[in-house]
Amino acid sequence: MKFKLLTLLIVFFLFEVHASSSNVEQNQIFKNIRCLVCQGQSIADSNSDFAQTIKLVIKDKIKEGKTEKEIYNFLIEKYGQWIVYKPPMNGSNFLFWLFPYLIFIAGGVVIIMFFKKKENN
Amino acid sequence: MLSNLGNLLLFLNTFLGITIIYYSFENLKSSKSSLSSKIYKYSLIQSTSIIICFFTLVGAFIISDFSLVSVYQNSHSLKPIFYKISGTWGNHEGSLLLWVIILTIFSFLFLIFNKSHPKKFRLYTLIFQNFLILGFLFFILFNSNPFENLTPIPLEGLGLNPILQDPALAIHPPLLYIGFVGSSIYFSAAMASLVTNYSESSFASSIKNWVLISWSFQTLGILVGSIWAYYELGWGGFWFWDPVENASLLPWFSMTALVHSLIVLEKRNILYFWVIILCLLTFILSVMGTFLVRSGILNSVHTFASDPSRGVYILIFLSFMIFGSLFILFRKYENKKYFINPNSKETFVLVNNWFMMFYLVTVMLGIFYPIFLDALTNNKISVGPPFYNTVIFPLVIIFLFFMTIGPQAKWIKNRFENIKILIFILLAAILINFTIFYIFKRYSILSNLLVISSLFLIISSLIDFTQSLKKSKTDLARIISHLSFGLLVLFIGLNHHFAIEKDFNIKLGETKNFKNYQIKFQELELKDYSNYKAVIGKLKINDLKKNQEKILTPEIRIYNNPQTLTYEAAIKSNLIEDYYLTMSNIDRSEYYNIKFQKKPFMMWIWISVTMISFGGFLRLFKNAKNY
Amino acid sequence: MQKTIKLIIVGIFILIVGVFYLSLNKNSNYDTRNLVGKKLSEIHIESFYEDKYLTNDILKKNNFLLINFWASWCSPCRTEHPILMKLNREKNLSIIGVNFKDKKSNANLFLKNLGNPYDFLAKDELGKHSINFGIYGIPESILINNDLLILKKFVGPLSTADYKEIKSIIIKK
């Protein structure tokens with residue numbers, strides 16, 4: 001009975017809590033852009049001339065309706081991949097993104113191998 | 001004078017190191033079962049003299065003896081006495097001396113606290129540890145000598161970077177070093193165990209307390225560094241996934257794996273070689289981290305001083321360690337067959353190790369990949385928070401579920417008797433989660449899952465906790481650490497998801513409105529302090545919804561020695577939320593840039609990590625009591 | 001099988017140590033000097049004197065264009081100014097100066113005192129244009145040809161060596 005009640009409440013909340021926003025999050029973009037004149041800071045954290053300028057441009061681009069990805073690509077075109085904290089998933093970077101998961105799977109296989117030995121014996 | 005004394009003591013220590021190695025080998029030949037008293041004596045002198053050596057340096061900093069290069073470069077006669085002292089280990093040379101102290105003291109303590117273990121094993125541990133000590137002593141003597149002389153003697157020092165003049169940063173290095181330099185002792189013990197074939201559960205019991213000590217301190221050290229970054233660096237975050245921060249996390253992951261798998265080795269006598277690998281790996285990662293930080297090959301916000309010649313030395317040392325330990329490991333390695341039941345405590349510990357290795361590899365890859373790409377293809381790329389967050393967090397969710405179920409399992413063969421309770425806890429967790437998000441009216445699948453899984457762990461740990469109060473035989477340490485880890489993830493999730501941030505430019509006297517907040521720039525004041533000038537802003541923050549007012553006073557400081565500009569965040573914190581505000585001037589303009597943040601549950605993040613570490617200490621005290 | 005695994009592990013560590021060694025002699029700081037060989041999409045920037053925009057038209061005059069970002073408040077800009085004055089005499093090259101986040105009166109005074117090496121003068125009051133050119137600190141100069149292809153980037157003040165390099169590039173063709 002208790003289970004049913006809980007489940008019912010959860011289903012209710014699932015329908016209620018649904019207002020997800022799709023607009024481009026300005027701060028999130030700022031945090032993903034590296035401040036080139038600083039040591040390891042994002043433009044959100046820095047107040048250098050460069051950070052100030054680039055923030056203005058990004059705000060403009062958001063107003064123009066550019067997506068997050070388009071903004072990143074624009075900046076990579078101008079400043080190189082160094083400027084984004086999230087390496088784009090292409091070419092050699094693809095392996096980089098995949099590698100942790102390959103290790104994860106490999107680790108799982110190793111653990112399962114411990115079990116198999118038991119069946120043989 | 002102090003310089004001569006210091007150098008003399010360094011040479012004495014080198015000599016003692018060699019002597020101890022010599023007598024240990026001599027002692028190995030003798031047929032007596034106990035250790036020669038000479039070895040105890042020399043080890044005691046060794047520890048004493050390195051401590052005196054360190055206090056000599058502290059003395060030089062206190063009296064501002066600028067005939068020493070390290071004092072001249074990092075101190076100033078007008079600096080407050082507290083920071084004169086902490087400046088001793090706040091620089092490269094002094095911190096290396098701290099390294100050697102910890103290596104030496106751990107060496108001595110391991111010697112006297114492990115009398116129940118065989119002589120051969122203890123002697124080899126001592127030998128390996130003294131090789132490490134010698135390695136670092138040579139580094140100090142030939143490359144980074146804190147007692148190096150300077151002529152003519154300058155009248156005044158250059159001063160310490162003001163953002164390093166901070167109480168948190170004064171205790172951060174010692175804590176962190178006890179953590180990862182402390183791991184040297186089980187590196188040496190693991191090598192000794194391989195050489196002397198002293199294996200299995202008795203080896204586990206000889207190192208378990210040392211692992212706990214280093215793990216607990218490492219956890220605290222990382223926490224203090226993080227707190228420092230939070231209020232000193234002015235970005236309002238506590239973890240930036242900066243390569244230097246990550247370098248301190250690598251040994252922590254392997255230590256955490258070690259803490260868990262040691263239990264299996266001790267109880268079930270399996271996984272011996274895996275434990276050895278983790279022992280070796282932890283200290284290798286510690287030295288590697290030091291290499292990355294000190295050599296300057298990382299581009300980081302935490303890089304304060306670096307020099308490639310240091311890099312070459314540490315790299316040579318590191319290579320010896322890596323290939324030496326690999327050589328011995330491969331010589332002794334046997335492929336043992338283990339039989340593990342899929343549903344048993346052993347499996348769950350392995351699952352913990354599995355996830356730890358995944359985190360380790362991910363973070364390591366994030367550090368290495370840009371370095372490799374640059375060295376091999378000349379392409380420079382950045383790997384930052386989005387990479388780690390995207391790769392790591394989804395798997396944390398699964399990890400938390402295992403962490404909840406794992407401790408319930410029994411050794412060898414397990415049957416879950418309380419599945420019904422677990423499902424009930426899960427449903428309750430989901431319900432609480434949706435209540436939270438319903439009240440705050442925001443939605444993100446990842447945050448929801450994180451909150452649910454952490455609540456699942458928290459509730460089940462709490463139930464464990466109440467039940468444990470009734471029983472006599474309990475594992476309170478484990479419950480506390482696991483509970484706190486759940487709390488940590490929960491509060492990080494909530495903190496991340498419900499933070500409010502606003503970045504804007506404002507003039508004196510202006511008012512800015514956003515959401516239900518009103519910020520007024522009321523005053524700007526210039527003040528003179530002994531070693532800096534400060535521009536202090538006064539901003540009134542009005543929460544229109546709750547009708548609450550808060551005054552925050554951020555500062556821009558202009559330090560004299562050395563000439564530096566720093567931005568001091570104004571923080572008002574309580575148990576529920578932090579108000580965080582930084583002010584910075586905009587060049588050639590009368591506007592100031594204000595970054596306002598409201599961060600819920602910051603305090604709880606610090607509390608959770610402290611409690612995780614407390615769990616480690618608790619286990620340690622319990623072990624000591626049984627001992 | 002076990003032997004191969006051991007060899008692989010040793011190999012990985014040798015690779016890591018090797019790469020670490022290589023990186024020791026590398027500069028970990030980033031600059032955009034290597035970002036050459038790309039094309040600018042267009043030139044579209046406010047004129048310094050009039051209320052109009054300078055466009056691709058300014059490329060027609062010469063085969064090469066040097067885009068120089070400067071300001072009166074930037075002291076390295078003073079250091080490089082004589083080089084720009086010298087470059088001004090080169091035939092095959094036009095120079096456009098972009099006045100960056102500056103006050104008009106100060107900028108005029110600067111040019112009056114030190115001379116005006118620019119064939120075209122533009123302004124970038126808010127600094128927004130600089131992003132389109134991939135500028136991240138001034139002074140910075142970009143050498144392009146009339147296809148808008150970036151030939152060379154100069155981060156920081158132009159030196160005598162840079163002067164010679166620019167000269168050799170524009171004479172070659």
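Trainee: Let's start where two chains meet. How much area is buried between chain A and chain B?
Mentor: Keep in mind that this is a predicted model. The size of an interface is often given as the accessible area lost when the parts come together. Here carbon and sulfur atoms give 69% of the area buried between chain A and chain B, and the total is about 5,200 Å².

Trainee: How many residues does each of the two chains bring to that contact?
Mentor: Count each side separately. Chain A brings 48 residues to the contact, and chain B brings 62 residues.

Trainee: How many salt bridges cross the interface of chain A and chain B?
Mentor: Side chains of opposite charge can pair when their charged atoms come close. One such pair is B:K595 with A:D45, at 3.7 Å from N to O. Across the interface of chain A and chain B, the count is 3 salt bridges.

Trainee: Which helix gives the most to the side of chain A that touches chain B?
Mentor: The helices α1 (2–16), α2 (26–31), α3 (49–63) and α5 (92–120) of chain A each supply at least two residues of that side. With 16 residues, the one that gives the most is α5(A).

Trainee: And how do the residues on that side of chain A divide by class?
Mentor: Look at the side of chain A that touches chain B and sort its residues into nonpolar, polar and charged. The split is 23 nonpolar, 15 polar and 10 charged.

Trainee: Why does the salt bridge of B:D503 and A:K55 join two chains?
Mentor: The side chains of B:D503 and A:K55 meet at 3.1 Å, N to O. B:D503 lies in strand β1 (residues 500–506) of chain B, while A:K55 lies in helix α3 of chain A, so the pair joins two chains.

Trainee: Now the other interface. Which three residues supply 25% of the area that chain B buries against chain C?
Mentor: Chain B and chain C bury about 2,400 Å² between them, with 76% of it on carbon and sulfur atoms. The contact takes 28 residues from chain B and 22 residues from chain C. Supplying more of chain B's buried area than any other three residues are B:F330, B:K380 and B:R588.

Trainee: Which helix has the largest share of the side of chain B that touches chain C?
Mentor: Across this interface there are 0 salt bridges, and 1 residue pair is in polar contact. Three helices of chain B each supply at least two residues of this side: α10 (272–295), α11 (308–332) and α12 (345–377). The largest share, 9 residues, comes from α11(B).

Trainee: Let's look inside chain C. Which strands stand at the edges of its open sheet of 5 strands?
Mentor: The order of this sheet is β5-β4-β3-β6-β7, with mixed pairing. An edge strand has a single partner, so one side of it is left without a neighbour in the sheet. In chain C, the strands at the edges are β5 (120–124) and β7 (150–155).

Trainee: What is the bridge partner of C:N68 in β6(C)?
Mentor: Strand β3 (residues 64–70) and strand β6 (residues 140–145) of chain C run antiparallel and are joined by 6 bridges. Across from C:N68, the bridge partner in β6(C) is C:S141.

Trainee: Chain B has an open sheet too. Which helix packs on it?
Mentor: The sheet in chain B has 4 strands in the order β1-β10-β9-β8, with antiparallel pairing. Neighbouring strands there are turned by 10° against each other on average, direction ignored. The helix touching β8, β9 and β10 (592–600) of chain B has a direction that makes about 55° with that of β9(B), and its name is α8 (residues 200–232).

Trainee: Where in chain B does B:P152 lie?
Mentor: Most residues other than glycine have a negative phi, and most peptide bonds are trans. The peptide bond from B:T151 to B:P152 is cis, with omega near -10°. B:P152 lies in the loop between α6 (119–142) and α7 (167–196).

Trainee: Last one: what is phi of B:W241?
Mentor: B:W241 lies in the loop between α8 and α9 (243–268) of chain B. Its phi is positive, in a residue other than glycine, and the value is near 55°.

Note on methods
Residues are numbered from 1 along each chain as its sequence is written. Chains are lettered from A and ligands numbered from 1 in the order in which they are written. This is a predicted model: local features need pLDDT of at least 70, side-chain atom pairs count only at pLDDT 80 or more; totals for chains, interfaces and linings use all residues. Side-chain values use heavy atoms; hydrogens and water are left out. Two strands pair if DSSP finds at least two bridges between them. Contact means heavy atoms within 4.5 Å. Buried area is the accessible area (1.4 Å probe) that two parts lose on being put together, summed over both. A salt bridge is a side-chain nitrogen of Lys or Arg within 4 Å of a carboxyl oxygen of Asp or Glu. Ala, Val, Leu, Ile, Met, Phe, Trp, Tyr, Cys and Pro count as nonpolar, Asp, Glu, Lys and Arg as charged, and the others, Gly among them, as polar. A polar contact is a pair of N or O atoms within 3.5 Å; within protein, one must be able to donate a hydrogen and the other to accept it, and residues adjacent in sequence count only if both atoms are side-chain atoms. Axes are lines fitted to C-alpha atoms, for helices over the stretch in contact, and angles run from 0 to 180 degrees between N-to-C directions.
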